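Reader: I have a structure here and would like to go through it piece by piece. Can I ask short questions as we go?

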Protein chains: 2
Amino acid sequence: MVDRRSGVPAFRQVAADLRQKISTGTYSPGDQLPSERELTEAYDVSRPTVRDAINMLKSEGLVTSEHGRGVFVRPPATIQRIARARLSRAARAQNKGAFLADAASRGFTPSTSVKVRFEQADVRVAEHLAIEEGAEITVRDRVMRADGLVVQLAVSRLPRDFTRGTAIEEVDTGNGGTYARLEDAGQVIGRFIEHVGARMPTPDEASLLQLADGVPVVTVTRVAYSTEGKPLEMNDMILAGDRYELSYEWLAD
Amino acid sequence: MVDRRSGVPAFRQVAADLRQKISTGTYSPGDQLPSERELTEAYDVSRPTVRDAINMLKSEGLVTSEHGRGVFVRPPATIQRIARARLSRAARAQNKGAFLADAASRGFTPSTSVKVRFEQADVRVAEHLAIEEGAEITVRDRVMRADGLVVQLAVSRLPRDFTRGTAIEEVDTGNGGTYARLEDAGQVIGRFIEHVGARMPTPDEASLLQLADGVPVVTVTRVAYSTEGKPLEMNDMILAGDRYELSYEWLAD
DNA sequence: CAGTGGTCTAGACCACTTA
DNA sequence: AAGTGGTCTAGACCACTGA
């Protein structure tokens, strides 16, 4: 039951009570919560009020609802740790990029689809690639799947000057991928920088990545620099926040 | 107006229309949306339906509502880029840790409060620190503020074996901080690994960090290893997803 | 078929902001 | 005082799931 005189809104009291029951294990991961009608009686509030409470828990990522079935405590997803260390030249020579090899080694059947197009650089792109705003760029749009499920979105952009006449402007970049073709063309990669952030997905991203309510995306922008410090490529990646974790390692001195 | 026969729920149609008006600039960052009553008339739906639509936009982080004032398009926060490269011994020798120096250089008045306590390692901690579950650990709980506002939460954990008799068990660890004291005690740090993820905040975190609806937190778990590869410390950090971006750099080979 | 969540309405009253 | 969002009700009907 809710305390009417406390000043705390009823739906928050209900949410707090359910949240506490979840964290103390009264409801375990995978368990079904009482139905909305049952909660209505238990707390003596109207159904919209119960739904407000459940909505709150959904946007916190604590529960998911399934139409016709019930509301369930969201079990933690199995987290893939992605170590950022295997972009070395040696590893690249062997395959078509980190993703395919990685997925295969985990027992997934990986697949990717790629679209290539050409655009003009906007402010952000121009800044990362150290080119003029409006300069022509090559854009490679990638959707990565594991067992048919979309697990990662990636958009790679390069100044067109570096890609003209190379397989980078083709859908199939060939053995070793984009980075290998850059080096074929004499652009030797010396350094990577990744910028990592998080935000809520757009509705499009949420449906593509099949994200439940209350699951953010991790955004990674990787910029590849030549040995002289010239930006060669930027790659915007989007990952499901509940399924991926990025690991970075460096030496103390 | 909404299309009643389309099968798409009315509140989604309203949300989609408002979302589109935000992304195309009909409403710019900082602009006030029409009031809920006005939207009720414009789309010919009830107020709860309008509120459902606005709630959706709030949990996407697109708008914020202010009681008594209105609903506003959320302006992008200024993003602080944190480069993970300044944990070098040289830099540490000069100050009390990266945060204080960093904030000061940006013109903020930084402050931190620390609590020290002792606990037993749970599964996750035991795994990261390569110790037995239940082993005694020293926990340093830190709240970091810039101009009085909480900007970061950090919980540092070390096997108690490494901290007994050192200033790490005191609130003030002295010049150079925890890492310097570890090295005083003969534990030389050789390597760092950071694990980065994202999730929605708990209500506690949201109020501490003053997060708006629809803003995730970035979680960083940094583990410091000795030169022999022994885990010395793990540090769980929580940052506001709309204000921070982490940058990592490494060489191609 | 019964039970579940999903959508929607037409109100009511409250709390807060601004003028 | 007027206008805003915040809370809450008591229904109704729909869509989906599973026995």
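Reader: Start with strand 7 of chain B and strand 8 of chain B. How many bridges join them?
Author: This is a predicted model. In it, strand 7 of chain B and strand 8 of chain B (residues 217–226) run antiparallel and are joined by 10 bridges.

Reader: Which residue stands opposite B:Val218 there?
Author: B:Ala198 does, with B:Val218 sitting in strand 8 of chain B.

Reader: What holds strands together in a sheet, in general?
Author: Backbone hydrogen bonds, with the strands either parallel or antiparallel.

Reader: What order do the strands take in the sheet with 7(B) and 8(B)?
Author: The order is 3(A)-10(A)-7(B)-8(B)-9(B)-6(B)-5(B)-4(B). That is an open sheet of eight strands with mixed pairing. The edges are strand 3 of chain A (80–83) and strand 4 of chain B (110–120), each of which pairs on one side only. Direction ignored, neighbouring strands of this sheet are turned by 20 degrees against each other on average.

Reader: Where do the chains meet in that order, and in which sense do they pair?
Author: At strand 10 of chain A and strand 7 of chain B (residues 189–199), which pair in the antiparallel sense over six bridges. A:Trp250 stands opposite B:Phe192 of strand 7 of chain B.

Reader: And which strands does helix 8 of chain B lie across?
Author: Helix 8 of chain B (residues 177–184) lies across strands 5 (136–146), 6 (149–159), 7, 8 and 9 (231–240) of chain B. The helix runs at about 150 degrees to strand 7 of chain B.

Reader: Now the other sheet. What is the order that starts at 4(A)?
Author: The order is 4(A)-5(A)-6(A)-9(A)-8(A)-7(A)-10(B)-3(B), again eight strands in an open sheet with mixed pairing.

Reader: Why is one side of each edge strand left without a neighbour?
Author: Strand 4 of chain A (110–120) and strand 3 of chain B (80–83) stand at the edges with a single partner strand each, so one side of each has no neighbour in the sheet. In this sheet neighbouring strands are turned by 20 degrees against each other on average, direction ignored.

Reader: How are strand 5 of chain A and strand 6 of chain A joined?
Author: By 10 bridges, and the two strands, residues 136–146 and residues 149–159, run antiparallel. A:Met144 stands opposite A:Gln152 in strand 6 of chain A. Helix 8 of chain A (residues 177–184) packs on the sheet and touches strands 5, 6, 7, 8 (217–226) and 9 (231–240) of chain A. Its direction makes about 150 degrees with that of strand 7 of chain A.

Reader: Back to the two chains. How much area do chain A and chain B bury between them?
Author: About 3,300 Å², 58% of it on carbon and sulfur atoms. The contact takes 37 residues from chain A and 38 residues from chain B.

Reader: How many salt bridges cross the interface?
Author: The rule finds two. One of them joins B:Glu249 and A:Arg191, with the closest N and O atoms 2.6 Å apart. The count of residue pairs in polar contact between chain A and chain B is 12.

Reader: Which strand of chain A gives the most to the side that touches chain B?
Author: Strand 7 of chain A, with 11 residues. By class, that side of chain A has 17 nonpolar, nine polar and 11 charged residues.

Reader: Different topic. Where is A:Val171, and what does it touch?
Author: A:Val171 is in the loop between helix 7 (160–163) and helix 8 of chain A. Leaving out residues up to four places away in sequence, A:Val171 touches A:Val114, A:Val116 and A:Arg140. A:Val171 and A:Arg117 are 54 residues apart in sequence and 9.9 Å apart in space, C-alpha to C-alpha.

Reader: And A:Met56, which helix is that in?
Author: Helix 3 of chain A, residues 47–59. With residues up to four places away in sequence left out, A:Met56 touches A:Phe11, A:Arg12, A:Ala15 and A:Arg19.

Reader: Last one. Which residue of the hairpin of strand 1 and strand 2 of chain B takes a positive phi?
Author: B:Gly68, near 85 degrees, in a hairpin with three residues between the strands. Strand 1 (residues 63–66) and strand 2 (residues 70–73) of chain B pair in the antiparallel sense over four bridges, and B:Thr64 stands opposite B:Phe72.

Note on methods. Residues numbered from 1 in each chain as written. Chains lettered and ligands numbered in written order. Predicted model: local features only at pLDDT ≥ 70, side-chain atom pairs only at ≥ 80, totals over all residues. Heavy atoms only, no water. Contact = heavy atoms within 4.5 Å. Buried area = accessible area lost by both parts, 1.4 Å probe. Salt bridge = Lys/Arg side-chain N within 4 Å of Asp/Glu carboxyl O. Polar contact = N/O pair within 3.5 Å; in protein donor to acceptor, adjacent residues only side chain to side chain. Nonpolar A, V, L, I, M, F, W, Y, C, P; charged D, E, K, R; others polar. Pairing = 2+ DSSP bridges. Axes fitted to C-alpha atoms, helices over the stretch in contact; angles between N-to-C directions.
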